[in-house]
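User: I would like to learn how to read the fold and the core of a protein model. Please take me through it feature by feature.

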Amino acid sequence: MITAQLDAAPHGEVEHVFSLPHTPGAVAGIRRRVRGILADWNLAADIAEDILLVVSELLTNAIVHALPPATLRLSRSRLDLYAAVRVEVTDMGPTTPPPRPAPALDPDEHGRGVCIVTALATRCGVHAHSGGTSRWAELRFTES
């Protein structure tokens, strides 16, 4: 994972910010809203699904491992040869989740979120600041 300053990432032309209720069903509701935004942006289905998966993983981590409040910032930018969508979740948690005892983790259901985000993102990172901890991922693609 790449750790970088927030201002080192490209600034979006279009940005949406959502407050995240700290409840288990919150991720599904935010995903529906993000799906609508991605449809408005006319993104290819495979790119939109990758972005939704990254949104889900980062939001779930904020609910499971962090303290409220949490916010999702979704932005789209156009650069010279490509476009990018940046997903950023800011919460009040530590930069790394506290370790859990091994029996508490089911390897079939937990522990792969960071790997999924890293695999799908062009760049990703964590930034601790006075307002909390921000985990971000940028997915780049060419526009048709």
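**Reading the sheet, the core and one residue**

Analyst: Start with one pair of strands: E2 and E3 run antiparallel and are joined by eight bridges. This is a predicted model, and every value here is computed from it.

User: What joins E2 to E3 along the chain?

Analyst: A hairpin of four residues makes that connection. Within the pair, Arg73 has Glu88 in E3 as its bridge partner.

User: How do strands pair in general?

Analyst: Backbone hydrogen bonds hold the strands of a sheet together, in either a parallel or an antiparallel way. Here E1 and E2 are antiparallel and share seven bridges; Ser19, for instance, is partnered by Thr71 in E2. On the other side of the sheet order, E3 and E5 are also antiparallel, with nine bridges. Ala84 stands opposite Arg140 in E5.

User: What is the strand order of the sheet?

Analyst: The order is E1-E2-E3-E5-E4, in an open sheet of five strands with antiparallel pairing. E1 and strand E4 (123-129) are the edge strands, each pairing on one side only. On average, neighbouring strands of this sheet are turned by 15° against each other, direction ignored.

User: Which elements does the protein have, and how do they run from the N terminus?

Analyst: The protein has three helices and five strands. Read from the N terminus, the elements run β-α-α-β-β-α-β-β. Sequence separation of contacts is a further thing to read: among contacts between residues at least 6 apart in sequence, 70% join residues at least 24 apart.

User: Where does H1 lie?

Analyst: H1 lies across E1 and E2, and runs at about 165° to E1.

User: How should I read the core?

Analyst: The general idea is that nonpolar side chains of soluble globular proteins tend to be buried together. In this protein, 40% of the 144 residues count as buried. The largest nonpolar core has 33 residues, and Val34, Ile51, Leu72 and Val87 have the most contacts inside it. At least two residues of this core come from each of strand E1 (14-20), helix H1 (26-40), helix H2 (45-65), strand E2 (70-78), E3 and strand E5 (132-141).

User: Which element gives the most to this core?

Analyst: H2 does, with 10 residues.

User: Which residues does Ile51 touch?

Analyst: Leaving out residues up to four places away in sequence, Ile51 touches Leu38, Leu43, Leu74, Val85, Val87 and Leu139. Val87 is itself among the residues with the most contacts inside the core.

User: And what does the outside of the protein look like in numbers?

Analyst: The protein exposes about 8000 Å², of which carbon and sulfur atoms supply 56%.

User: Now take a single residue. Is Thr90 buried or exposed?

Analyst: The step is to compare its relative accessible area with the cut-off: buried means under 20%. Thr90 has 14%, so Thr90 is buried. Thr90 is found in strand E3 (residues 83-91).

User: Which side chain makes a polar contact with that of Thr90?

Analyst: The side chain of Ser134 does, at 2.6 Å. Ser134 is also one of the residues that Thr90 touches, residues up to four places away in sequence not being counted; the others are Pro69, Ala70, Thr71, His129, Gly131 and Thr133. One of these, Thr71, is the residue in E2 that is the bridge partner of Ser19.

How values were computed. Residues are numbered from 1 along each chain as its sequence is written. This is a predicted model: local features need pLDDT of at least 70, side-chain atom pairs count only at pLDDT 80 or more; totals for chains, interfaces and linings use all residues. Side-chain values use heavy atoms; hydrogens and water are left out. Buried means under 20% relative accessible area, exposed over 50%, partly exposed in between (1.4 Å probe, protein chains only). A polar contact is a pair of N or O atoms within 3.5 Å; within protein, one must be able to donate a hydrogen and the other to accept it, and residues adjacent in sequence count only if both atoms are side-chain atoms. Contact means heavy atoms within 4.5 Å. Accessible areas come from the Shrake-Rupley method with a 1.4 Å probe; for residues, only the protein chains shown count as cover. A nonpolar core is a set of buried Ala, Val, Leu, Ile, Met, Phe, Trp, Tyr and Cys residues joined through side-chain atoms within 4.5 Å. Two strands pair if DSSP finds at least two bridges between them. Axes are lines fitted to C-alpha atoms, for helices over the stretch in contact, and angles run from 0 to 180 degrees between N-to-C directions.
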